[in-house]
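Here are my notes on the model you sent over, set out as numbered points. I hope they are handy to read with the viewer open.

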Amino acid sequence: MTKTTGGCLCGAVRYEADAAPDHASYCHCSMCRRATGAPVAAFARLPSAGFRIAKGEIKRYRSSDIAVRGFCAQCGSPLTFQYDAYPAYVAVAIGSLDRPEVAVPERHWNFDDRIPWLQLSDTLPRQGNVAAAKPKP
Ligand SMILES: [Zn+2]
Ligand SMILES: [Zn+2]
């Protein structure tokens, strides 16, 4: 069985999953930027079933009314991202994976919100602005 493992910078938090990531993508939104401190975030999706915290504890922060982000309370490493509407999946920060090379991003989300100096030459699909595309309530 393919296992996925990862953890934070200080080693206090370790996670594992019984499956390999089935999807990975970049997100250029300002919330991911602040949450990761990086010009662009990259997340890999895993099934929630079979995902567990193997060591320590994830601190959770509700960053919006639709999602919760998990991180290490000791070193601050961003670790997880989970939409309330999709409890069957948990996304992990690709940089937190022990083998980040297995999670190959397939798409850019919120590409319109990218930092202008960020130059990318890949040919992946670019989703402009997800929030703007959603119908107003
Ligand atoms: Zn840590
Ligand atoms: Zn984002």
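1. Let me start with Thr5, which sits in strand E1. This is a predicted model, and in it Thr5 comes out as partly exposed, with 13 other C-beta atoms within 10 Å. A residue would need 20 or more such atoms to count as buried, and 12 or fewer to count as exposed. Setting aside residues up to four places away in sequence, Thr5 touches Glu16 and Asp98. You can also find Ala17 from here: Thr5 and Ala17 are 12 residues apart along the chain, and their C-alpha atoms are separated by 6.4 Å.

2. Which strands make up the sheet that E1 belongs to? It is an open sheet of 3 strands in the order E1-E2-E5, with antiparallel pairing. E1 (4–7) and E5 are its edge strands, each pairing on one side only. From one strand to the next, the twist averages 25 degrees.

3. The pairings in this sheet are easy to follow on screen. E1 and E2 run antiparallel and are joined by 4 bridges, with Gly7 opposite Arg14 in E2. On the other flank of the order, E2 (residues 14–17) pairs with E5 in the antiparallel sense, again over 4 bridges. There, Tyr15 has Ile53 in E5 as its bridge partner.

4. Is E5 enclosed or in the open? Of the 5 residues of E5 (residues 51–55), the number buried is 0, so this strand lies largely in the open.

5. Now for the other sheet, which is open and has 7 strands in the order E6-E7-E8-E9-E4-E3-E10, with mixed pairing. Strands E6 (58–64) and E10 (108–109) stand at its edges with a single partner strand each, so one side of each has no neighbour in the sheet. As a general reminder, strands of a sheet pair through backbone hydrogen bonds, either parallel or antiparallel.

6. At the E6 edge, the partner is E7 (residues 67–72): the two run antiparallel and are joined by 6 bridges. Lys59 stands opposite Phe71 in E7 if you would like a place to look.

7. Just after that pairing, have a look at Ala73, in the loop between E7 and E8. Ala73 counts as partly exposed because it has 15 C-beta neighbours inside 10 Å. Ala73 and Ser25 are 48 residues apart in sequence, and their C-alpha atoms are 25 Å apart in space.

8. Ser25 brings us to E3, where it stands opposite Phe43 in E4. E3 and E4 (residues 41–47) run antiparallel, with 5 bridges between them. E3 also pairs with E10, here in the parallel sense and through 2 bridges, and Cys27 stands opposite Trp109 in E10. As for burial, 4 of the 5 residues of E3 (residues 23–27) are buried, so the strand is largely enclosed by the rest of the structure.

9. Which residues touch the most other members of the largest nonpolar core? This core has 26 residues, and the answer is Ala41, Ala42, Phe43, Ala44, Leu79, Val92 and Ile94. At least two core residues come from each of E2, E3, E4, E7, E8 (78–83) and E9 (89–93). E4 gives the most, with 5 residues.

10. Val92 is a good residue to centre the view on. Leaving aside neighbours within four places in sequence, Val92 is in contact with Gly6, Tyr15, Phe43, Ala44, Leu46, Leu79, Thr80 and Leu97. Phe43, Ala44 and Leu79 in that list are also among the core residues with the most contacts to other members.

11. Finally, the chain as a whole. Its secondary structure comes to 2 helices and 10 strands, which follow the pattern β-β-β-α-β-β-β-β-β-β-β-α along the sequence. A compact globule of 137 residues would have a radius of gyration near 14 Å, and the 15 Å of this chain agrees with that. The C-alpha trace spans about 35 × 35 × 25 Å along its principal axes.

12. Two last figures for the chain: buried residues make up 31% of its 137 residues. Among contacts between residues at least 6 apart in sequence, 54% join residues at least 24 apart.

Methods: Residues are numbered from 1 along each chain as its sequence is written. Chains are lettered from A and ligands numbered from 1 in the order in which they are written. This is a predicted model: local features need pLDDT of at least 70, side-chain atom pairs count only at pLDDT 80 or more; totals for chains, interfaces and linings use all residues. Two strands pair if DSSP finds at least two bridges between them. A nonpolar core is a set of buried Ala, Val, Leu, Ile, Met, Phe, Trp, Tyr and Cys residues joined through C-beta atoms within 7 Å. Two residues are in contact if their C-beta atoms, placed from the backbone, lie within 7 Å. Axes are lines fitted to C-alpha atoms, for helices over the stretch in contact, and angles run from 0 to 180 degrees between N-to-C directions. The radius of gyration is taken over C-alpha atoms; the globule rule is 2.2 Å times the number of residues to the power 0.38.
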